[in-house]
Structures are given as structure tokens and as C-alpha cells.
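Let's work through a few exercises together, one small step at a time. Keep the structure open beside you as you go.

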Amino acid sequence: MRSILISLFFFTVIACKDNDDYIEVNETLTLEIPSNFPELAYDIEANPPTEVGFELGRQLFYDGNLSSNGYVSCGFCHEQNTAFTHHGHQFSHGVDDQEGTRNTPSIQNVAFKTKFTWDGATEFLDLFPIIPITNEVEMGETMTSVLAKVKADTNYQDLFSRAFEDGEVNMDNFLKALSQFMVMMISSNSKYDKYVRGEEGGDFSDLEIEGLALFKNKCATCHVSDIFTDDAFRNNGLPPDPSLDDLGRENVTGLLTDRYKFKVPSLRNVELTEPYMHDGRFGSLEAVLNFYSDGVTESDTLDEELINDGVLGIALTDDEKEAIIAFLYTLTDEEYIYDERFEEF
């Protein structure tokens, strides 16, 4: 493990975590970077997580009052027991039971990523919460209204005053607090991690070893490193759903060359995050691999990695699919899924 400890101001506080436990000093938290992970992408020195800042971010993450109906929080669509996805829902939905057009992505290891949302609407983690908060079918609020509600809450006034040097309840600190919570959400203790780090509990079966080899050969071009995404936008040959009219990355860039390109998702905890794809059309990993072997469709922007000697898709036998799925199951990180630090209080 590599540990990052950022020096920050310290001051005496009486910040209440659970109404009984008090933080006497706003200590900077230690962010442990697993030895098999890449370097951080997030500028941790500009916003080092602290005990009070993290707790403030956690409370904001689970606060339904940040939505227009007072019920839908960030945690409403991002549930911890399914790697912070909206399990069982094809599309994200929020206020007034309105339904969006995309599947809720997981939240993990965001400190190592540079682009957020399926179409990369922002490249800054600190700005990411603005998107769901102001989306009319998700949280349906304005940032002005959200800040007004937070400022009127004496508990939040107290936490902001102790989490930040200026003590202000403002947009910058609001977003930094949420980032401090999310930056600490590192999933790195799956069976796979223990296998590659040579730790106890990392013994692979023959099938899992075969699956890892197949994955490296057939899938790791896009799902790279131990973050399992290259953070890029690719057209994976999924036939567009005409009822959704979702152009993907083109919605952000306006470029025809980005049509139907979506962000490559991380595969960590993928066993728990069904349904799959940006529009949640597949309900199982078997269906996903069947698509890649037999369902990829041609288009002008189809990723070149899915065209081999004029043949579309990825050649996979049934036995190879079984082995790859066995390997993907080793990416489930129960320590992360049940980590009390990230629980709704």
C-alpha cells in the first residue's frame, strides 16, 4: 500500500458523527493507494479529505432534502450493497418517479478516473454532483435552492464551519465535501487484488486462472489496469435503441465521430451491478458476453478493436465465456460493499 497523508491546518472541533462520538481534531485522513493501482488522477492536495469533511460529505450524499421532493438523495440511486448502483432498475429514476434514459453507473475508485458520466459531461469530480442534482428526472433541484436549504440547517452550518478553513456554506465547499466522501471510496480488496498482491485469500481456481488469461487476451484493451477501465469513450457495437435517441459522447462534443460512444465502465464488483450497458439492456453477464460474440453491429464509429479480419465482435466459445465470468466474479470486493464508513447513517 502507498499512503498519502496531506498536511493541512488543524483546529479544535466538536463535530458530531453519530450524536455520541465527537471529533476533537479535524485530522487529515490517510488515503491508502493499493500497490496494484495506478497513480491518483484527483488533485488530492487541492482538497485533502479530513474527518469532518468526509462526514459532511457522507451526510450530503444521503440527504434526500437535496432533491426537489425532499426524498431522492445521491444514495437513492447509488446503493452500497450493489457497489453504489440502482440494482434492479434499467434506468435511473428520481423525483415524482420519473425515469431517465441511462443505467446508474457504480461509484468506486473515482479518485483514479478523469471523466464522469456515460458521455463524459464533466472531467472534474468536484463538478459531478451538479449533474444529478439539477437533472429534472433525477433530483430536480437547482444549486441555488440546495445551498439555501443547507444554509438553513444548523447541523450543516456547524459541520461546514469545522470542515473548511473559511467555514462558509458555499458551492465550492459543498462540492468539495462530496468529493472528500467519494475519493475515499476505494475498492481494492477483492479476491483478484489479493491474488495479484500475493495475499492470503487470493488463491485462484484453475477456471479463474484460465478466465484471467482470456480476459487479458480478449478484454483488457478497454478494461485496462486494475481500475478495469481506460476512461475512454467507445462505440461497442450495441444496436441503438430508437426510443431513447441517445447519441452518447456526441451529445457533449457535437462531433459525428463520437456518435454512440459511451464511457468504458469499470468491471470492479460487476457481479453485483446488473443490469449492464449504458441503457441497462442486459440482465446477466452471460448476455453481455453473448452480445460480444454474436451481437455486435457495424456502424461508422464502431471501435476498431471489435473488427478483426472483417469479423465483428470477440470470438468466444461457451467454455471461454464460463471462464471469463468466473474471473469477473473474483472482482467482487465484499470489504468495500460492507464498509461501515460508507453506510447510510
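## Exercise 1: An arginine and its partners

The side chain of R259 forms a polar contact with the side chain of E250, at 2.6 Å. Here a polar contact is a pair of N or O atoms within 3.5 Å; within protein, one must be able to donate a hydrogen and the other to accept it, and residues adjacent in sequence count only if both atoms are side-chain atoms. Before going on, note that this is a predicted model, in which local features need pLDDT of at least 70 and side-chain atom pairs count only at pLDDT 80 or more, while totals for chains, interfaces and linings use all residues. Residues are numbered from 1 along each chain as its sequence is written, and side-chain values use heavy atoms, leaving out hydrogens and water.

**Task.** Describe where R259 is found and what R259 is in contact with.

**Solution.**
- Step 1: look for R259 in the loop between α9 (250-253) and β6 (262-263). These names follow DSSP runs, numbered from the N terminus: helices (H or I) have at least four residues and strands (E) at least two.
- Step 2: list the contacts, meaning heavy atoms within 4.5 Å. Leaving aside neighbours within four places in sequence, R259 is in contact with N235, L247, E250 and T301.
- Step 3: take T301 from that list. R259 and T301 are 42 residues apart along the chain, yet their C-alpha atoms are separated by 6.7 Å.
- Step 4: R259 counts as partly exposed because its relative accessibility is 28%. The classes are buried under 20% relative accessible area, exposed over 50% and partly exposed in between (1.4 Å probe, protein chains only).

## Exercise 2: One helix, two neighbours

**Task.** At what angle do α1 and α6 cross, and which residues make the contact?

**Solution.**
- Step 1: the axes of α1 and helix α6 (residues 171-183) cross at roughly 95° and come within 7 Å. Axes are lines fitted to C-alpha atoms, for helices over the stretch in contact, and angles run from 0 to 180 degrees between N-to-C directions.
- Step 2: α1 and α6 are therefore roughly perpendicular to each other, a class that covers 65 to 115 degrees, with under 35 roughly parallel, over 145 roughly antiparallel and the rest oblique.
- Step 3: from α1, the contact uses G53, F54, L56, G57, R58, L60 and F61, and from α6, F174, A177, L178, Q180 and F181.
- Step 4: now turn to helix α5 (residues 154-163), which packs with α1 (residues 51-61) at an angle of about 145°, their axes 8 Å apart. In this pair, V52, G53, L56, Q59 and L60 of α1 meet N155, Y156, L159, F160, R162 and A163 of α5.
- Step 5: check how covered α1 is: 10 of its 11 residues are buried.

## Exercise 3: Backbone and loop details

**Task.** Is D97 buried or exposed, and what about T117?

**Solution.**
- Step 1: D97 is in the loop between α2 (74-77) and α3 (130-134), and the place of T117 is in the loop between α2 and α3.
- Step 2: D97 has a positive phi near 55°, and T117 has one of about 75°; neither D97 nor T117 is a glycine.
- Step 3: D97 is exposed because its relative accessible area is 60%, whereas T117, at 18% relative accessibility, counts as buried.

**Task.** Where does a cis peptide bond occur?

**Solution.** Look at E274 and P275, which are joined by a cis peptide bond with omega of about 0°. P275 is in the loop between β6 and α10 (285-294).
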